[in-house]
Structure formats: structure tokens, C-alpha cells
Amino acid sequence: AKSDERREFNRMLKFVKASKEKIAYILVYSLDRFSRTGDSAIYIASELKKVGVNIMAVTQPIDTNSHAGALQQNIQFIFSKYDNDLRRQKTIDGMREKLRRGEWIGHAPIGYSFVKGAAKQTIVIDKNGELMRQAFEWRANGMTYDHIVEKLAGYGLKIPKQRLTDTFRNLFYCGYVSHNLLNGELVK
């Protein structure tokens with residue numbers, strides 16, 4: 001987990017701290033399944049320890065009642081965060097390279113579809129493509145966004161006004177890839 005703001009995780013912590021029964025352990029498969037937030041995980045483990053609750057990883061048996069064991073657990077939490085950070089950076093680097101090659105990441109823009117199974121990313125105009133071309137023309141001729149949304153809905157394409165205005169600002173429709181991962185760089 002990138003964050004300790006998980007609903008069920010926090011529900012468990014609240015239950016453990018408030019329980020009238022003596023809960024001594026939270027069992028996890030490995031410490032990185034408890035948390036990958038590093039210092040936050042260390043803090044949570046420390047707060048749990050104050051109420052007599054230890055975190056026990058079944059694949060990493062550590063006696064956290066000793067100073068050496070507590071240190072080892074904390075090091076595991078920090079390494080888990082480091083591992084998450086490395087994975088995140090590799091993913092971002094991969095997405096950035098894909099964008100620089102002119103490939104699209106995420107869902108294809110409205111009016112386009114990905115060709116499944118193509119050796120190289122191929123995006124083609126789909127059944128809504130002609131409607132979107134028409135929407136661009138309507139807008140260029142001064143038609144209001146509300147009227148365009150209404151007309152598109154009449155043809156079976158329901159699109160909220162905000163999404164339509166975002167679509168009109170999307171440089172993809174001008175033949176460019178733009179993304180915040182590219183730091184302002186445009187790719188044709």
C-alpha cells in the first residue's frame with residue numbers, strides 16, 4: 001500500500017486499540033503487506049506496541065520485543081517504502097518513454113479505440129469518431145457546449161459538458177501527445 005489511509009486498515013487499527021479483549025498480534029503475510037509507508041509504518045507499529053499489540057509477519061519471524069527485533073522490523077518497513085518508490089519511478093519512466101514515442105497511455109480519447117493484439121500501439125476512429133468530428137465543427141461554427149451535448153445525446157453519445165470541454169482542449173485531436181509526465185513537451 002502506498003498510503004496508510006486505507007479504510008479497512010484504519011478500521012482494523014481502531015478496532016484493535018479499542019477492543020476490550022486482549023489482542024496481542026496483528027498477523028500479516030509479510031511486513032510489506034502491513035504497510036509500505038516507511039516512517040508512518042514505524043509510527044503505527046510503535047503506537048500499537050504501546051497498547052500491547054505486535055505486528056507479526058508469518059514469513060519474517062522477528063521478535064519485536066527486543067531492541068534488535070524492533071530495529072529489524074523498522075528496517076523492513078523502510079525497505080518496503082524504498083521498493084515501492086523504485087517501482088513507482090520505473091513505472092513513471094516507462095510511461096514517459098511511451099509518451100515520447102507518441103503512444104497514448106490510459107483510455108483512448110473519445111471517438112477512438114485501441115486495436116487489440118496489434119504489434120505496435122494502433123488507435124483507430126471508432127463509432128463515435130464521426131460524431132466527435134461533427135462536434136468540433138459545430139463548436140467552430142459557434143454552437144454552444146450545451147447545444148452540442150444535447151445534439152450528441154440525440155445521436156446516442158452521452159457526454160457531460162465538462163468532459164466535452166476537456167475533449168476540445170485535448171491536443172490529441174490536433175495530432176499531438178501532451179501529458180504532465182512530459183513537463184510541457186509536445187510529441188507529434
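**Exercise 1. Classify Arg-96 as buried or exposed, then describe its salt bridge.**

Step 1. Arg-96 is buried, because its relative accessible area is 18% and the cut-off for buried is under 20%. This value, like the others below, comes from a predicted model.

Step 2. Find the partner. The side chain of Arg-96 meets that of Asp-93 in a salt bridge, with N to O at 3.4 Å. This falls under the criterion of within 4 Å.

Step 3. Place the pair. Asp-93 and Arg-96 are 3 residues apart in helix 4, so about one helical turn separates them.

Step 4. Check the partner's exposure. Asp-93 has a relative accessible area of 34%, so Asp-93 is partly exposed.

**Exercise 2. Which residue forms a salt bridge with Arg-87, and where do the two lie?**

Step 1. The partner is Asp-83; the closest N and O atoms are 2.2 Å apart.

Step 2. Both residues belong to helix 4 (residues 67-100). They are 4 residues apart, so the separation is about one helical turn.

Step 3. Assign exposure. Arg-87 has a relative accessible area of 43%, so Arg-87 is partly exposed. Asp-83 is at 30% relative accessibility and is also partly exposed.

**Exercise 3. Describe the salt bridge between Glu-47 and Lys-50, then give the number of salt bridges in the structure.**

Step 1. The side chains of Glu-47 and Lys-50 meet at 2.9 Å, N to O.

Step 2. Both residues sit in helix 3 (residues 39-50). Their spacing is 3 residues, about one turn of the helix.

Step 3. Lys-50 has 63% relative accessibility, so Lys-50 counts as exposed.

Step 4. Now the total. The structure holds 13 salt bridges. Elsewhere, Arg-7, Glu-8 and Arg-11 are linked in a salt-bridge network.

**Exercise 4. Test the length of helix 3 against the expected span, then sort its buried and exposed residues.**

Step 1. Helix 3 has 12 residues. At 1.5 Å a residue, helix 3 should span 16 Å.

Step 2. Compare. The end C-alpha atoms of helix 3 are 17 Å apart, which agrees with the expected span.

Step 3. List the buried residues of helix 3: Ala-41, Ile-44, Ala-45 and Leu-48. They cover an arc of only 100 degrees around the axis, so they lie on the same side of helix 3.

Step 4. Turn to the other side of helix 3. There, Asp-39, Tyr-43 and Lys-50 are exposed.

Step 5. Identify the packing partners. The buried residues of helix 3 pack against helix 1 (7-18), strand 1 (25-28), helix 2 (31-34), strand 2 (54-57) and helix 4.

Step 6. Look past the end. Gly-52 follows helix 3 and has a positive phi, near 85 degrees.

**Exercise 5. How many helices and strands are in the chain, and what is its radius of gyration?**

Step 1. The chain has 7 helices and 4 strands. Along the sequence, the pattern is α-β-α-α-β-α-β-β-α-α-α.

Step 2. Apply the globule rule. A compact globule of 188 residues would have a radius of gyration near 16 Å, but the chain has 25 Å.

Step 3. Add the dimensions. The C-alpha trace spans about 75 × 40 × 30 Å along its principal axes.

Step 4. Take stock of burial and surface. Of the 188 residues, 33% count as buried. The accessible surface comes to about 12,600 Å², with 54% belonging to carbon and sulfur atoms.

Step 5. Finish with contacts. Among contacts with a separation of 6 or more, 53% come from residues 24 or more positions apart.

Methods:
Residues are numbered from 1 along each chain as its sequence is written. This is a predicted model: local features need pLDDT of at least 70, side-chain atom pairs count only at pLDDT 80 or more; totals for chains, interfaces and linings use all residues. Side-chain values use heavy atoms; hydrogens and water are left out. Buried means under 20% relative accessible area, exposed over 50%, partly exposed in between (1.4 Å probe, protein chains only). The expected span of a helix is 1.5 Å times one less than its number of residues. The arc is that of the directions from the helix axis to the C-beta atoms. Contact means heavy atoms within 4.5 Å. The radius of gyration is taken over C-alpha atoms; the globule rule is 2.2 Å times the number of residues to the power 0.38. Accessible areas come from the Shrake-Rupley method with a 1.4 Å probe; for residues, only the protein chains shown count as cover.
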